[in-house]
Every structure is written in C-alpha cells, then in structure tokens.
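Thanks for coming. Please have a look at the structure before I start.

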Amino acid sequence: MPRGRGDEAALTADLIALAEKYGRSGYRKISALLKAAGWLVNDKRVERIWRREGLKVPARQPKRGRIWDGDGSCLRLRAERRGHVWSYDVVEARTHDGREFRMLNVVDEFTRECLAIRVARKLKAADVIDVLSDLFILRGVPGHMRSDNGPEFVATSVQAWITGVGAQTASIAPGSPWVNGYVESFNARLRDELLNGEIFYTLKEAQIVIESWRRHYNGVRPHASLDYRPPAPEVFVPALSAWPAALTRSAPPAKLPVEQRPTLHYL
C-alpha cells in the first residue's frame, strides 16, 4: 500500500491557509504562491490536494469579442513595450455610511502593473492631471494614454495637458468597454478581491487598505498572463549579506578641496 509523503500534512495546511487568504484564486495561483514560499511542488499535486479538500475553483469568465473593421482588420492599439500604452479609469464604491468615493486607476498595459490608485470623494480634471504629472515625473511620459469618454478624461484641460507633455490620447468608442480591456480587467480584480469583501468606515481607511492591496497586487499576487509571476516583484538585499563586503571596502577619499579642509592644531 502507498505510504504517502511525509510533507503531505504540512503542504495541505499551507494550501488551505493560502486558499482562505486568497479566496478568489484558483489552484494555479495558489501553486505559484506555494513555490514562492519555498515549496518544491508541481501544479498536478496541488490540484489533487485542492480537489480532495473540496476547495472550489472559480468559474472562468467568458471572453469578450474583439473589435474588427469591415475588412477584417483589428483596430485595437496594443502595447509593445513598457511605458508604451497606459490606460486609466474610474471605479466607484461607498463607505459604511453610504457616502460614495471614487478611485482613479492607472495601469501599464504591457507589464500589467498598477501605477497608481487615487482615492477621493470626488475626482475632477485637475485631480487627473495631478496624478498623471506625478507618474510622468517618476516613470517618464508614455506613448499613449487610453481611456473611456468620462467627463474627467475628455475635459479640454486634460486633453491639452497630455498632448502638451508629448503623449497621445487614445479614447475608446462610446459603449465599448472591452476596448479598454486591461484596466477593465484590473477594475474587476479590484472589486472582486477587495471591494466586495471589505467594509470601509472612513475615507482614510479606504485609502490605506486600497494602497496596501495595490502594492500586494504589483509585488506578490501571481498574474496568469505573466506565467504566474507578479507584475513588479519587489527585490531587496538583506543587510547581513552586504555587511561582510562593507567591512573589507576601503574608505572613500576626501571630497573637500584642500583649502576647505579643516586644519588641526596640536598643542
């Protein structure tokens, strides 16, 4: 009779713990998280334990149709490199007292990274320019900015400012949200994995929790289209590993000119 593996109980416990924490993820993403935690396990074994424990695999969503011209050519602008096409959109939610707040989401379509989420009670054209100006300074000006036809995006001030800094606008056709599919997919993940399971009592709480989720989305959460890797994994060097090298490194030379160096007087 097969005796099983000695690590089966520990693997099952870790798998169930991750399934409880990421309730909307399937076994493939849980398998990627287990591998990132140090487990040497393949997807088939994770799937077997997943089904044995009765965990539910979320149903797949139907794919949207593409936009085609009359001659059969596709009209969609596709990102070819990092910073080529950014897309942004607004999502609405409410705090516990029933008051509405809005979120401005900015996504890099090539890397799938969420660049920013601005949370406020109201978002106007000036707020959009404020968010984009900070991102342009930190990451450079993208080639195109894709958006729907919301009033905060089609405002003359926003359009003129984007064109003035060297980017191009790419507004989608009215009533065609699937053209802006990358940010719409991100909005669905944000609502499904966070907003539908949280109660925000204040706007400040919503800002902190949503920003924490954004960092987790970029650095930890596996992305299916990226071979179950996060869009922007965080890399760090432990201090202890760099300490021996620092001990053997020679001191840098003096930076001050000779005339500015302090003079030592001995008694």
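I will talk about one helix, then one aspartate.

This is a predicted model: local features need pLDDT of at least 70, side-chain atom pairs count only at pLDDT 80 or more, and totals for chains, interfaces and linings use all residues. Residues are numbered from 1 along each chain as its sequence is written, and side-chain values use heavy atoms, with hydrogens and water left out.

Helix α2 covers residues 27-36. Helices here are DSSP runs of H or I with at least four residues, strands are runs of E with at least two, and both are numbered from the N terminus. Seven of the 10 residues of α2 are buried, so the helix is largely enclosed by the rest of the structure. Buried means under 20% relative accessible area, with a 1.4 Å probe and protein chains only. The seven are Y27, K29, I30, S31, A32, L33 and L34. They pack against α1 (8-21) and α3 (43-52). Just after α2, G38 has a positive phi of about 115°.

Now the aspartate. D108 lies in strand β2, residues 100-108. What is the nearest side chain of opposite charge to D108? It is R82, 5.5 Å away, and buried D108 has no salt bridge. A salt bridge needs a side-chain nitrogen of Lys or Arg within 4 Å of a carboxyl oxygen of Asp or Glu; for charge, Lys and Arg count as positive, Asp and Glu as negative, and His and the chain ends are not counted.

The side chain of D108 does reach backbone nitrogens: that of G83 at 3.1 Å, and that of F110 at 3.0 Å.

Definitions and conventions. Buried < 20%, exposed > 50% of the residue type's maximum accessible area, 1.4 Å probe, protein only. Contact = heavy atoms within 4.5 Å. Polar contact = N/O pair within 3.5 Å; in protein donor to acceptor, adjacent residues only side chain to side chain.
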